[in-house]
Amino acid sequence: MDKFLINGPCKIKGKVSISGSKNASLPILAATLLFDKPVIIKNLPRVRDIDTMLNLLKSLGSKIILSKDRKTAKIINKKNMKTFASYSLVKTMRGSILVLGPLISKFHKSKTSLPGGCLIGARPVNYHLSALKKLGMEYKIRDGYILAKSNGRLKGKKINFPKISVGATENSIIAACLARGKTILKNCAVEPEIKDLTKFLSQAGANIKWSGRTCTIIGVNSLNQTSHTVMADRIEAGTFCVAATLAKGNLQIKNLDPNIINTEIELLKKVGAKIKTLDNKIFIKGPDKIKPIQNIKTKEFPGIPTDLQAQLMVLMCKSVGKSSITESIFENRFMHVAELQRLGAKINIQNNKALIEGNTKFIGAELMSSDLRASVALVLAAIVANGKSIVGRVYHLERGYENIENKLQKIGVKIKRLK
Ligand code: UD1
């Protein structure tokens, strides 16, 4: 298994271009199952989770023609598609559950593996299932699979999500596009990735309207041929902003609409970063002294994203005082803490709150990645640590960060892949 060797502390300076969003690409790719006509998706990030979704679509019968740089996919569905999403594909990525909505909506049956738990929490799919059931899906769980069918087209309904869920909102919107009549979804997640999904579907003729956290969909008979460019990855952008703030860096971050990370920019300004934004660029300079912040709390969009929690924790370790971070989305998302402690961090966990001492002098060490965002946090810590660090299991990073080592090398990070 590949590892990264990082020789810190590193100076960060230069330009970095943000790739397409993984979390926007996944539901958009899943939604292509609704189409009879070809669809072109541009600006896909070249990361492992996208390969997994493309393989899943291929296994269902989609023909996929990739451009040379593998960032544009033309997707053409067969007349007779399969409806079986196997455990071997679904287990590697929870986002695979997003094929359930389109399969049941378009083909009225599916056998989709349950994704199972993961390190950051139990992550059930009960809201996905109950919403689809309201739209007319019948299902039972057998041998780890969701065996689902519907009696013809789904039927529009009013659904009030008991809790805000990104995936359940996406699955329900996709399924409702071809349902008969009107679906009203209340208490929806409104992450920019979901708005990108509905932009894509609307371009293809779906009838979708938003009002706050309510999404109204009037079903159509079919969707038209279309092409869509995926939005920039706001978590990648946020991660590079944290890197610049952490390492007294000076970065130009390109290829994104800065508005998608307004909350993060405001937080980093409070920490002391100097930030200027243009239409599709961010200029960010890290401060000499990082100010601590009390009570950072992860929240659904437009709050601080849970996917940036681990990176912000590294930043708070290097701040000049005490701070705290509360994780309110996932119950077990502090696996990076033990690894950061091995570098010298002083962090105390009380339930879902991390109390962080600050003024940490990280000393390089050998570290183990546990999940996608935790592993990038370890890389950030290694960048500002004294001496050599080795970050193991980099495949976690490859699931969601395109070309991370090249992007980091270009801005001055001494990082090398060990095979
Ligand atoms: C998506 C993102 C992930 C991000 C998360 C929260 C993708 C591919 N992944 O994950 O990167 O960290 O949003 O912003 O876009 N829950 C249930 N039952 C359900 C569904 C969710 O209890 O049926 C719970 C989850 O365990 C979690 C919370 O609801 O505690 C939010 O999860 P959700 O928003 O659904 O996250 P994902 O869509 O899995």
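Here is a short chat about a predicted model of a protein chain with a ligand.

Visitor: What radius of gyration does the chain have, and what would a compact globule have?
Guide: Start with the chain length, which is 419 residues. For that length, a compact globule would come out near 22 Å. The chain agrees with this, at 21 Å.

Visitor: How many helices and strands are there, and what percentage of the residues count as buried?
Guide: The secondary structure adds up to 14 helices and 24 strands. A residue counts as buried when its relative accessible area is under 20%. Across the 419 residues of the chain, the buried share is 57%.

Visitor: Where does the ligand lie relative to domain 1 and domain 2?
Guide: Look at who gives residues to the shell around the ligand. Domain 1 covers 3-19 + 232-418, and domain 2 covers 22-229. Both give residues to that shell, so the ligand lies between domain 1 and domain 2.

Visitor: Which helix gives the most residues to the shell around the ligand?
Guide: The shell has 17 residues, and N126 and Y127 are among the closest. Helix 1 (22-31), helix 5 (126-134) and helix 6 (166-176) each supply at least two shell residues. The top giver, with 3 residues, is helix 5.

Visitor: How many residues of each class does that shell have?
Guide: Sort the shell residues into nonpolar, polar and charged. The nonpolar ones number 7 and the polar ones 6. That leaves the charged class, with 4.

Visitor: Which residue has a polar side-chain atom 2.6 Å from a nitrogen atom of the ligand?
Guide: Let's go through some polar contacts, which need N or O atoms within 3.5 Å. An oxygen atom of the ligand is 3.1 Å from a side-chain N or O atom of N23, and a ligand oxygen is 3.3 Å from a polar backbone atom of P124. The 2.6 Å pair, with a nitrogen atom of the ligand, belongs to N126.

Visitor: How much of the ligand's accessible area does the protein cover?
Guide: Taken on its own, the ligand has 740 Å² of accessible area. The part of this that the protein covers is 86%.

Visitor: Which residue caps the N-terminal end of helix 12?
Guide: Helix 12 spans residues 372-384, and 13 of its 13 residues are buried, so it is largely enclosed by the rest of the structure. At its N-terminal end, a side-chain oxygen lies 2.9 Å from the backbone nitrogen of R373. The residue that owns this oxygen is D371.

Visitor: Is T360 buried or exposed?
Guide: T360 sits in the loop between strand 21 (353-356) and strand 22 (366-368). Its side chain reaches the backbone oxygen of C317 at 2.9 Å. The relative accessible area of T360 is 3%, and the cut-off is under 20%, so T360 is buried.

Conventions:
Residues numbered from 1 in each chain as written. Predicted model: local features only at pLDDT ≥ 70, side-chain atom pairs only at ≥ 80, totals over all residues. Heavy atoms only, no water. Near = heavy atom within 4 Å. Polar contact = N/O pair within 3.5 Å; in protein donor to acceptor, adjacent residues only side chain to side chain. Areas by Shrake-Rupley, 256 points an atom, 1.4 Å probe, with all protein chains shown as cover. Helix = DSSP H or I, 4+ residues; strand = E, 2+ residues; numbered from the N terminus. Nonpolar A, V, L, I, M, F, W, Y, C, P; charged D, E, K, R; others polar. Domains from an automatic or database assignment. Rg over C-alpha atoms; globule rule 2.2 N^0.38 Å. Buried < 20%, exposed > 50% of the residue type's maximum accessible area, 1.4 Å probe, protein only.
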